[in-house]
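Please walk through this structure with me, beginning with its strands and moving on to its aromatic rings and one of its pockets.

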Amino acid sequence: MTYPDGTSGWLILRHAEAKELLTHKSFSARQEGLVSPVPTELQYDGRPADPGAFAKTDDPSHSQYRKLVTGFFTVRRTRQLAPMIERIVHEQLDDLEKAGPGADLVDVFTESVPSRVMCEMIGIPESERKTLQRHVETLGRLSCSVPEALGAVSGMNGFLARFIPIRMDDPRDDLLGDLIRGGQLDEQELMGMAATLINGAFDTTGNMLAMGVFTLLEHPDQLAKLREDQELMGAAVEELLRFLTISHLGASRWALEDVEFAGQSIKKGEVVTVALPAVNRDPERYDNPDQLDIGRTDHGHLALGHGVHQCLGQHLARTILRVGYEALFDRFPTLRLAVPSDEVPMRDDFVHYGPRSLPVTWDD
């Protein structure tokens with residue numbers, strides 16, 4: 001395939017080869033060259049990632065940074081966070097009820113829940129949340145101009161440059177406080193770590209929450225099954241993750257050496273991209289892959305990645321989605337779209353796909 005900048009690379013469409021690539025030692029997650037949706041001025045261009053920003057690094061630095069926060073995102077820790085998540089979900093549903101029929105579910109509910117959860121985990125003041133949300137959205141918009149992107153980076157870094165030193169002087173009982181007390185990270189590394197967590201949490205789960213609601217409303221037979229048996233919610237979350245795969249640009253890896261892979265000769269430095277929506281609907285892996293089936297038991301999707309770079313917050317995201325869907329449809333049993341589905345504006349030009357707004361209504 002050819003990337004937008006003219007660089008030649010490779011595209012993986014099959015599930016088995018995608019899993020193999022994402023664990024292959026001859027491929028790097030560290031971005032090289034110009035193959036990226038990010039404006040040129042913001043790309044790595046071979047430079048190391050910012051200290052603490054482990055998402056685009058390889059071992060050993062990736063593991064060294066990631067293990068410092070892994071304990072905050074285990075299944076056990078996520079269960080402990082469930083009461084906080086439930087409180088935030090119900091507070092936002094209170095706001096939705098106050099807004100009344102015709103409200104934008106994205107603005108009032110789906111965008112706010114995951115960002116509030118992460119802010120409470122890190123200790124970020126609520127007064128800063130919406131500004132940070134705008135910065136994250138700007139950086140996720142593929143059509144943003146270079147000045148807009150640079151402004152968002154500057155805004156995010158400016159906040160962290162003020163926030164982190166204050167918290168280093170007064171560590172609290174939260175994720176950031178534990179990292180500070182651990183004494184293994186300096187100020188720049190703490191900034192990079194916080195930025196990684198903010199960027200990872202603010203955009204993805206909120207879009208998945210909104211897109212899942214939109215999809216269930218458009219598949220009333222599946223929503224009816226879920227209402228009849230909420231024990232299906234866990235399977236429904238997995239099926240929605242597979243069926244939707246909102247990270248529609250895929251996952252890319254760069255060849256560290258000349259390598260034979262899947263019958264092809266890939267040269268050192270060439271990029272291979274996994275088309276995540278395609279592999280999650282691979283007919284060799286799934287029966288009726290283009291059908292939404294919340295009763296599906298054969299999951300194994302790659303919507304949250306695979307291997308050492310699999311989404312750090314996957315258990316947290318699943319919990320937010322489960323609690324969010326359950327509470328929303330319980331609270332508003334007659335929930336439905338307030339506009340025809342083809343009038344719902346979509347985020348076509350964003351790294352993560354979803355509704356730009358989702359007007360909903362219900363019977364009082």
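**Strands, rings and a pocket**

Leu-11 has Thr-273 as its bridge partner in strand β6, strands being DSSP runs of E with at least two residues and helices runs of H or I with at least four, numbered from the N terminus. The model is a predicted one, in which local features need pLDDT of at least 70 and side-chain atom pairs count only at pLDDT 80 or more, while totals for chains, interfaces and linings use all residues. Residues are numbered from 1 along each chain as its sequence is written, and side-chain values use heavy atoms, with hydrogens and water left out.

Strand β1 (residues 9-12) pairs with β6 in the parallel sense over four bridges, where pairing requires that DSSP find at least two bridges between two strands. Strand β3 (residues 251-255) runs antiparallel to β6 and is joined to β6 by four bridges, with Ala-251 having Val-274 as its bridge partner. In a regular strand the side chains alternate between the two faces of the sheet. In β6 (residues 271-274), Val-271 and Thr-273 on one side and Val-272 and Val-274 on the other are all buried, that is, under 20% relative accessible area with a 1.4 Å probe and protein chains only.

Turning to the aromatic rings, there are three aromatic pairs, counted when the ring centres of Phe, Tyr or Trp (its six-membered ring) lie within 6.5 Å, with planes under 30 degrees apart taken as stacked, over 60 as edge-to-face and the rest as tilted. The rings of Phe-27 and Phe-261 have centres 5.7 Å apart and planes at 75°, so this pair is edge-to-face. The pair links distant parts of the chain, with Phe-27 in strand β2 (residues 27-28) and Phe-261 in strand β4 (residues 259-261), 234 residues apart. Phe-27 is buried at a relative accessible area of 7%, and Phe-261 is buried at 4%. Phe-159 and Phe-163, by contrast, form a stacked pair, 5.1 Å centre to centre with 15° between the planes. These two residues are four apart in helix α7 (residues 146-169), and are therefore separated by about one helical turn; Phe-159 and Phe-163 are both buried.

Phe-27 appears again in the second largest pocket, which is lined by 16 residues, with His-24, Lys-25, Phe-27, Asp-58 and Val-308 nearest its centre. By class, the lining of this pocket has six nonpolar, six polar and four charged residues, where Asp, Glu, Lys and Arg count as charged, Ala, Val, Leu, Ile, Met, Phe, Trp, Tyr, Cys and Pro as nonpolar, and the others, Gly among them, as polar. A pocket here is an open set of points on a 1 Å grid over the protein atoms alone where a 1.4 Å probe fits, with protein on both sides within 12 Å along at least five of seven lines, and its lining residues have an atom within 4 Å of a point.

Definitions and conventions: Buried < 20%, exposed > 50% of the residue type's maximum accessible area, 1.4 Å probe, protein only.
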